[in-house]
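Trainee: Please show me the structure, and then let us go through its sheet and its core.

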Amino acid sequence: MTDYTVNNMNRRRFLAASAALIGTPALAQNVDGAGSVEVEADVSPTVRHNISSFRALDWHPYFSSLRNGAILVDVDSRALHFWSEDAETYKLYPSSVPLTDELTRRGRTSVVRKVVGPEWRPTPSMKKRNPEWPDFIPAGPGNPLGTHALYLSWTYYRIHGTHDTRKIGRRSSNGCIGLYNEHIAELFALTKVGTQVLLI
């Protein structure tokens with residue numbers, strides 16, 4: 001059996017196991033401080049609209065300056081705001097947010113690393129619970145981190161894309177903030193290592 005066939009079988013098993021986890025969140029974890037490992041539970045078919053709280057904000061109440069640019073994530077309104085350092089560019093994106101308050105971290109952090117095509121590796125504890133999962137998922141449609149990832153100074157936390165567009169605008173992650181792939185690509189180009197991040 002070729003490596004390609006084995007990898008495809010492992011991906012199928014992983015996807016099948018993930019589907020079985022509907023409603024059962026897995027913990028976001030880190031691999032060797034470099035890889036990202038967030039597996040999100042599937043979302044329910046119920047849609048919760050969020051138009052009323054999706055509005056533009058001014059940066060002044062949240063940041064003392066726009067040095068290095070600034071990202072504000074409003075967990076309650078499920079929106080991510082970005083201001084460029086020169087205040088000429090403002091972006092507002094719908095986002096996914098953590099499933100529960102226990103999984104939600106609030107406060108100040110910053111972008112410490114940027115990755116195009118992030119890879120996914122389960123931690124040993126995830127493999128112990130789910131031995132059928134593959135050891136590695138490369139960038140691509142099966143990757144839970146989408147096309148781009150902004151790693152934050154908080155261990156296990158990042159802002160990343162998602163291939164599952166149903167998650168945007170919902171409580172659907174295990175700690176990370178998710179954006180549509182086209183939005184994370186745009187935000188990725190606008191940010192730099194050192195961009196301020198505030199989750200409220």
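Mentor: This is a predicted model, in which local features need pLDDT of at least 70 and side-chain atom pairs count only at pLDDT 80 or more, while totals for chains, interfaces and linings use all residues. Residues are numbered from 1 along each chain as its sequence is written, and side-chain values use heavy atoms, without hydrogens and water.

Trainee: What is the strand order of the open sheet of eight strands?

Mentor: Strands here are DSSP E runs of at least two residues, and helices H or I runs of at least four, numbered from the N terminus. Two strands pair if DSSP finds at least two bridges between them. The pairing is mixed, and the order is β5-β4-β3-β12-β7-β8-β9-β11.

Trainee: Why is one side of β5 and of β11 left without a neighbour in the sheet?

Mentor: β5 (90–94) and β11 each have a single partner strand, so one side of each has no neighbour there. The reason is their position in the sheet: both stand at the edges.

Trainee: Which residue of β4 is the bridge partner of Ile71?

Mentor: β3 and β4 pair in the antiparallel sense, over five bridges. In β4, the partner of Ile71 is Phe82.

Trainee: Which element supplies the largest share of the largest nonpolar core?

Mentor: A nonpolar core is a set of buried (under 20% relative accessible area, 1.4 Å probe, protein chains only) Ala, Val, Leu, Ile, Met, Phe, Trp, Tyr and Cys residues joined through side-chain atoms within 4.5 Å. This one has 20 residues, with Ile71, Leu80, Leu150, Ile159 and Leu187 having the most contacts inside it. Elements that each supply at least two of its residues include β3 (70–74), β4 (79–83) and α3 (181–190). The largest share, three residues, comes from α3.

Methods
Buried < 20%, exposed > 50% of the residue type's maximum accessible area, 1.4 Å probe, protein only.
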